There are 2 protein chains.
Amino acid sequence: MKRSASPDNPEISDAQLMFDVLNEIGIISQLSRALLESRLQDGLTQQHFGVLNHMVRLGDGCTPLEMARAFQVPKTSMSHTLAGLEKRGLVTMQPNPHDGRGKLIYLTDAGRELRSSAISAIAPDVIAMIPQFGRDDANAALPLLRKLRVLLDEAR
Amino acid sequence: MKRSASPDNPEISDAQLMFDVLNEIGIISQLSRALLESRLQDGLTQQHFGVLNHMVRLGDGCTPLEMARAFQVPKTSMSHTLAGLEKRGLVTMQPNPHDGRGKLIYLTDAGRELRSSAISAIAPDVIAMIPQFGRDDANAALPLLRKLRVLLDEAR
DNA sequence: CTTGTATGGTTCGATATCGTACTATATTAT
DNA sequence: ATAATATAGTACGATATCGAACCATACAAG
């Protein structure tokens, strides 16, 4: 049962397919955020966790702007997220010695510990999904997702 | 490649793979939301568009709770989204004749028109991506995404 | 050195998100 | 019929998001 308004133009149906993909992605993002935040305490958000996790994995001492780009959010949103982390004592912000305008973000011990316990808190949920969506599925999905992300990034 | 006390344990690395998938999905969701909202006017959000689009495609006369479930958001968030649509004259809310507690949501002509013009506004961006991410990629990605969504839905 | 412009970051205001608590109606058990 | 419980939806408050405007420093041109 196709929509009758337009003839079955391949460009339209391909675009519809893309909408469907993005729609699924939006719902998955919503669900995974809700699941993660249900495992975090103290009102920590996915964004807070993501920043801590990123710095543990790729090293700290990065700038707020680098962080904003890594998560593809406006710098003003990242500024707010970092203020929340600093207020909770999970990161510290130092002036950038090479750029008087800039700051550098460093993890505190509390930040590293919180990230670890958050990982422990969410791991059972993730591991429970692996029998249904394991290595093969993930390895099939990742290149497609990366390609889509790069395209969307370029389309900005 | 040793499997020792250190965390190169298959369960852990599979979990890491899952984190990577969800991370990509989060960024894609962020990017596609930003792109869509940059094409909408009057402060319309992705959520507003999503609700209109859903009703055009699957029929209106649904309840707020059905909408909240379709988008996997809390009912209180959907309540707010619907209030925004009603305030803009894009939907109307009627009492549900079969349930004195409930309401039914209907598209207005303005709502249908707005959805059409939003589709037109975003279509060029989507079509521009098709040479890079077309039917084959979308058809490969969709079943994986649907499976992941169902899993996350069940894990709630 | 001054001036113009670009860049890193914050402030502010409008709106979105969502948990808690609440109201009203429906359903179920007795 | 009544009481207990469940469900649809809203009100409210705390926090998140993000664009516009802003400040400070950096950099480039003359």
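1. Let me start at the DNA. A polar backbone atom of Gly100(B) sits 2.7 Å from a phosphate oxygen of DNA strand C. Bear in mind throughout that this is a predicted model. On the other chain, Ser79(A) puts a polar side-chain atom 2.5 Å from a phosphate oxygen of DNA strand C. Arg101(A) goes for a base instead: an N or O atom in its side chain is 2.8 Å from a base oxygen of DNA strand C. Which elements give two or more residues to the surface near this strand? They are helix H1 (10-39), helix H3 (64-71) and helix H4 (75-87) of chain A, along with helix H4 (75-87) of chain B.

2. Staying with DNA strand C, 22 residues surround it, and the closest are Arg33(A), Lys75(A), Ser79(A), Thr76(B) and Gly100(B). So both chains appear in that short list. H4(B) makes the largest contribution to the surface near DNA strand C, with 4 residues. By class, the residues of that surface come out as 12 polar, 6 charged and 4 nonpolar. As for what the protein sees of the strand, 66% of the DNA strand C atoms within 4 Å of the protein belong to sugar or phosphate, and the rest belong to bases.

3. Now for DNA strand D. Here Lys103(B) has a polar side-chain atom 2.7 Å from a phosphate oxygen of the strand. Gln30(B) also faces the backbone, with a side-chain N or O atom 3.4 Å from a phosphate oxygen of DNA strand D. The base contact I would look at is from chain A: a side-chain N or O atom of Thr76(A) lies 2.8 Å from a base oxygen of DNA strand D. The elements giving two or more residues to this surface are H4 of chain A, and H1, H3 and H4 of chain B.

4. How many residues lie around DNA strand D, and which come nearest? There are 22, with Arg33(B), Pro64(B), Leu65(B), Lys75(B) and Ser79(B) coming nearest. H4(A) gives the largest share of the surface near DNA strand D, 4 residues. The class split is 4 nonpolar, 12 polar and 6 charged. Sugar or phosphate accounts for 65% of the DNA strand D atoms within 4 Å of the protein, and bases for the rest.

5. On to the protein-protein contact. Chain A and chain B each put 54 residues into it. About 5700 Å² is buried between the two chains, and carbon and sulfur atoms give 76% of that area. Three residues are worth clicking on: Ile28(B), Leu31(B) and Phe133(B) supply 11% of the area chain B buries against chain A, more than any other three residues.

6. The polar side of this interface deserves a look too. The rule finds 10 salt bridges across the interface of chain B and chain A. One of them pairs Asp137(A) with Lys147(B), whose closest N and O atoms are 2.7 Å apart. There are also 13 residue pairs in polar contact across the interface, both partners being at pLDDT 80 or more. On chain B, the elements that each supply at least two residues to the side touching chain A are helix H1 (10-39), helix H3 (64-71), helix H5 (109-129) and helix H6 (135-154). The largest share of that side, 22 residues, is from H1(B). Sorted by class, the side of chain B that touches chain A has 33 nonpolar, 12 charged and 9 polar residues.

7. A word on symmetry. A turn of 180° with a shift of 0.0 Å along the axis lays chain B on chain A with an RMSD of 0.0 Å. The two copies are therefore related as by a two-fold rotation axis. Why can one say that the copies meet through the same surface? Because 100% of the interface residues of chain B are also interface residues in chain A.

8. Last, the salt bridges over the whole structure: a search finds 21 over all chains. One within chain A joins Asp42(A) to Arg88(A), with the closest N and O atoms 3.4 Å apart. This pair links distant parts of the chain, 46 residues apart. Asp42(A) is in the loop between H1 and helix H2 (46-58), whereas Arg88(A) is in the loop between H4 and strand S1 (91-95).

Methods:
Residues numbered from 1 in each chain as written. Chains lettered and ligands numbered in written order. Predicted model: local features only at pLDDT ≥ 70, side-chain atom pairs only at ≥ 80, totals over all residues. Heavy atoms only, no water. Contact = heavy atoms within 4.5 Å. Buried area = accessible area lost by both parts, 1.4 Å probe. Salt bridge = Lys/Arg side-chain N within 4 Å of Asp/Glu carboxyl O. Polar contact = N/O pair within 3.5 Å; in protein donor to acceptor, adjacent residues only side chain to side chain. Nonpolar A, V, L, I, M, F, W, Y, C, P; charged D, E, K, R; others polar. Least-squares fit on C-alpha atoms with pLDDT ≥ 70 in both.
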